[in-house]
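Work through the exercises below with the structure open. Try each task before reading its solution.

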Amino acid sequence: MRNNRSWLKPATAAAGALALGMSMAACSNSGESAASNRPENEVHVLVYGDAGNDVERAMVDKFNETSDVKVVLDTIPGADYQQKLQTIIDTDSAPDVFFNWGGGSITDYVDAGLLMPLDDFIAEDPQLKDAFLPSVFDTAVVDDKAYGIPMRGTQPVMLFSNEEVLANAGVDGAPETWDELLDAVEKLKAAGVTPIALGGADEWPTLMWVEYVYDRVAGPELFESALAGDTEVWDSEESREALGMLRELVDAGAFGTNFQSVKFTDGGSASLLSSGQAGFELMGSWAYSTHQDAAPEFVETALGYSEFPTIDGGKGDPANLVGNTNNFYSVLANTRYPDTVRDFLKLMYSDEFVQEQVAIGNLPTTTNTEQFLDQSADPEYARFQYGLVEQAPAFQLSWDQAYPPSATPAIHGAMSDFFSGRIDEDGFIAAMQGL
């Protein structure tokens, strides 16, 4: 088990796993050109607004140096991204290209006929597929057609820590086992700090705990079976064991008493960690850039990172990961300038793109990424993260992205109600069986 206590430099900028709040089943394609109310010779690219937009701006600026049709970068703050995307995706204000998580985050758009299959682009330039790791590229393949090109980088979920807080509480580094985690919770409580910061008001941060515990106890096969339609696995012995362990963690006070009023998207949970009010936070690798923006001194002096603890007797490999395999650019079917879009997407496998991403600690999933890791702001962190992804026997996509968007409210609701105590194990199981 690797436990790296090195202090981190700027790191990956990526999105939280926010899911769509409504189905696109009623969505229709008007047939008009995307963004037809915008000026001529513009392609609009919409991205999740966060600390990683500097790289997107750099790629846009580079492209616009030589293109007659100019790319315009639009951003929406992370907490509002999915909702606002949903409201404009089938209007004249729709972007030509937009940021997403692949998987279930785009299936309803595909079913509604809103997205362009990218197979013709790939036929013209095979590097649009071959330059990326296959397991990552395939996340945005729907019905055997490619609907996304990887951008940004891979985003495994890790256990972050405030090393000064841990030391002051007598916690010797990040826990390697579940029992060590429970022991650290008790020591941190005794020291008067919240053991684990959790943005429960956003709901998706809580889901990370569920995903990892289920993986460690039952292995990835349980969720894969559930996703394929076998609802009985939710009532299995392994499922109930995982729920029991999660209940034990909540009841131990690991997350404090007001975690369902705290958000990650407004900086709340990250601030608890950086200000010394919490010892740990389980979060996607994008949290590093969040801390770098908001608390650079903390990054330099006390921010640590490690893998999720092992669970004794569990079926899941301790090296398994959960999180986001990558983010993707998808293209509206009725974009006015498909050739411009195609050429812009080629930048996503360029050496300059990879260098810009690793410079902020991000980890692109191109086949040439490894050769640039020493150029990262923190090569040790970059290689640690690369090692996690490279060695993971399984990398499970976040549940609220793997399922169609229409399932997200039920997933989030069941998980949130279980953590708050409003429902018990039976209630959670029934809710998941109803997906």
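Buried means under 20% relative accessible area, and exposed means over 50%. By that cut-off, both Y288 and Y305 are buried. The model is predicted. Keep that in mind throughout.

**Exercise 1. The whole chain**

Task: Describe the chain's make-up, and decide how compact the chain is for 435 residues.

Solution.
- Step 1. Take the secondary structure. The chain has 20 helices and 14 strands.
- Step 2. Take the radius of gyration, which is 21 Å. The globule rule gives 22 Å for 435 residues. The two values are close, so the chain is as compact as a globular protein of that length.
- Step 3. Take the box. Along the principal axes, the C-alpha atoms fill roughly 65 × 45 × 35 Å.
- Step 4. Take burial. Of the 435 residues, 59% are buried.
- Step 5. Take the contacts with a separation of 6 or more. Residues 24 or more positions apart account for 81% of them.

**Exercise 2. A set of aromatic rings**

Task: Classify the ring pair F160–Y288, then the pair Y288–Y305.

Solution.
- Step 1. A pair of aromatic rings is described by the distance of the centres and the angle of the planes. The structure holds 29 aromatic pairs.
- Step 2. For F160 and Y288, the centres are 4.7 Å apart and the planes stand at 50 degrees. Planes under 30 degrees apart count as stacked, and over 60 as edge-to-face. The angle is 50 degrees, so this pair is tilted.
- Step 3. Place the partners. F160 sits in strand β8 (residues 155–162) and Y288 in helix α13 (residues 287–294). They are 128 residues apart, and the pair links distant parts of the chain. Both F160 and Y288 are buried.
- Step 4. Y288 also pairs with Y305, at 6.1 Å centre to centre and 80 degrees between the planes. This pair is edge-to-face.
- Step 5. Y305 belongs to strand β11 (residues 303–306), 17 residues from Y288.

Extra: How far is R247 from the ring centre of F418? R247 lies over the ring face, at 4.4 Å from the centre.

**Exercise 3. A five-stranded sheet**

Task: Which strands stand at the edges of the sheet, and what packs on the sheet?

Solution.
- Step 1. Write down the order: β3-β2-β4-β13-β7. The sheet is open and its pairing is mixed.
- Step 2. Read the ends. β3 (70–77) and β7 (149–151) each have a single partner strand, so one side of each has no neighbour in the sheet. These are the edge strands.
- Step 3. Check the twist. Neighbouring strands are turned by 30 degrees against each other on average, direction ignored.
- Step 4. Add the helix. Helix α1 (residues 53–64) packs on the sheet and touches β2 (42–49), β3, β7 and β13. The direction of α1 makes about 165 degrees with that of β3.
- Step 5. Compare two pairings. β2 and β3 run parallel, joined by eight bridges. Within them, L46 has D74 in β3 as its bridge partner. β7 and β13 (residues 327–331) run antiparallel, joined by three bridges. Here M151 stands opposite N327.
- Step 6. Check the cover on β2. Eight of its eight residues are buried.

**Exercise 4. Two residues with positive phi**

Task: Are D143 and R152 buried or exposed?

Solution.
- Step 1. Most residues other than glycine have a negative phi. D143 has a positive phi of about 50 degrees although it is not a glycine. R152, also not a glycine, has a positive phi of about 55 degrees.
- Step 2. Locate them. D143 is in the loop between β5 (141–142) and β6 (145–146). R152 is in the loop between β7 and β8.
- Step 3. Read the accessible areas. D143 has 65% relative accessible area, so D143 is exposed. R152 has 1%, so R152 is buried.

**Exercise 5. The surroundings of W178**

Task: Which residues are in contact with W178, beyond its neighbours within four places in sequence?

Solution.
- Step 1. Place W178 in helix α8 (residues 178–190).
- Step 2. Check burial. Its relative accessible area is 4%, so W178 is buried.
- Step 3. List the contacts: V213, M245, E248, L249, F308, P309, T310 and I311.
- Step 4. Take one of them, I311. W178 and I311 are 133 residues apart in sequence, yet 5.5 Å apart in space, C-alpha to C-alpha.

Methods:
Residues numbered from 1 in each chain as written. Predicted model: local features only at pLDDT ≥ 70, side-chain atom pairs only at ≥ 80, totals over all residues. Heavy atoms only, no water. Phe/Tyr/Trp six-rings, centres within 6.5 Å; stacked < 30°, edge-to-face > 60°. Helix = DSSP H or I, 4+ residues; strand = E, 2+ residues; numbered from the N terminus. Buried < 20%, exposed > 50% of the residue type's maximum accessible area, 1.4 Å probe, protein only. Lys NZ or Arg CZ within 6 Å of the ring centre and 35° of its normal. Pairing = 2+ DSSP bridges. Axes fitted to C-alpha atoms, helices over the stretch in contact; angles between N-to-C directions. Contact = heavy atoms within 4.5 Å. Rg over C-alpha atoms; globule rule 2.2 N^0.38 Å.
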